[in-house]
Amino acid sequence: MKTDETQENWVWVAVTQSSDGDSLLGLEDAETAEQFIPYFPSKEEGQACLPALKKEPGKTYDVQAIRYELLIDQAKDAGFALYRLDGEGHVLEKNRPSHAH
């Protein structure tokens with residue numbers, strides 16, 4: 001049986017699927033020009049928001065689970081912030097992982 005703590009370490013992200021392979025969907029904040037990866041607390045919220053996210057033609061999109069710690073590492077490596085969104089696309093939280101440890 002999973003504990004609440006274990007379940008809280010998982011979040012949902014939009015993934016682009018193309019002939020080049022899968023990758024996390026990265027966006028740009030229209031107000032600040034900050035590049036970010038949107039993530040969601042639940043699969044349902046991710047699926048509800050997916051149609052509203054800016055997407056590239058010719059690519060397929062899906063919502064998949066990822067461990068939050070892995071998402072932080074990937075965001076750091078790519079120089080992206082993390083924005084937690086709700087099902088309507090509203091920003092609930094902004095996290096800017098530091099490149100230095």
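## A polar contact at Glu34

In this predicted model, the side chains of Glu34 and Tyr83 meet in a polar contact of 2.4 Å. Glu34 sits in a loop, between strand E3 (27–28) and strand E4.

What else does Glu34 touch, leaving aside residues up to four places away in sequence? Its contacts are Leu27, Glu28, Asp29, Ala81, Tyr83 and Arg96. Tyr83 therefore appears on the contact list of Glu34 as well as in the polar contact.

## Two aromatic pairs

Tyr83 also takes part in ring pairing. The model holds two aromatic pairs. In one of them, the ring centres of Phe36 and Tyr83 are 4.0 Å apart. Their planes lie at 10 degrees, so this pair is stacked; the cut-off for stacking is under 30 degrees. Phe36 belongs to strand E4 and Tyr83 to strand E6. The two residues are 47 residues apart, so the pair links distant parts of the chain. Are these two residues buried or exposed? Both Phe36 and Tyr83 are buried.

The other pair is Tyr39 with Tyr68. Here the centres are 5.4 Å apart and the planes are at 45 degrees. This pair is tilted. Tyr39 lies in strand E4, and Tyr68 lies in helix H3 (residues 68–78). These partners are 29 residues apart, and again distant parts of the chain are linked.

How much of each tyrosine is accessible? Tyr39 has a relative accessibility of 3%, so it counts as buried. Tyr68 has a relative accessible area of 18%. Tyr68 is buried too, because the cut-off is under 20%.

## The largest nonpolar core

Nonpolar side chains tend to be buried together in soluble globular proteins. In this model, the largest nonpolar core has 13 residues. Which residues have the most contacts inside it? They are Leu25, Leu50, Leu53 and Leu85.

Three strands each give two or more residues to this core: E4 (35–40), E5 (60–67) and E6 (81–85). Strand E6 supplies the largest share, with three residues.

Take Leu25 as an example. Leaving out residues up to four places away in sequence, Leu25 touches Ala14, Val15 and Thr16. Its contacts also include Phe36, Ile37 and Pro38. Leu53, Lys54 and Tyr61 complete the list.

## A second core

There is also a second, separate core. How many residues does this second core have? It has twelve, including Tyr39, Ile72, Phe80 and Leu82. Tyr39 is thus a member of this core and a partner in the tilted pair with Tyr68.

Methods: Residues numbered from 1 in each chain as written. Predicted model: local features only at pLDDT ≥ 70, side-chain atom pairs only at ≥ 80, totals over all residues. Heavy atoms only, no water. Core = buried A, V, L, I, M, F, W, Y, C linked by side-chain atoms within 4.5 Å. Buried < 20%, exposed > 50% of the residue type's maximum accessible area, 1.4 Å probe, protein only. Helix = DSSP H or I, 4+ residues; strand = E, 2+ residues; numbered from the N terminus. Contact = heavy atoms within 4.5 Å. Polar contact = N/O pair within 3.5 Å; in protein donor to acceptor, adjacent residues only side chain to side chain. Phe/Tyr/Trp six-rings, centres within 6.5 Å; stacked < 30°, edge-to-face > 60°.
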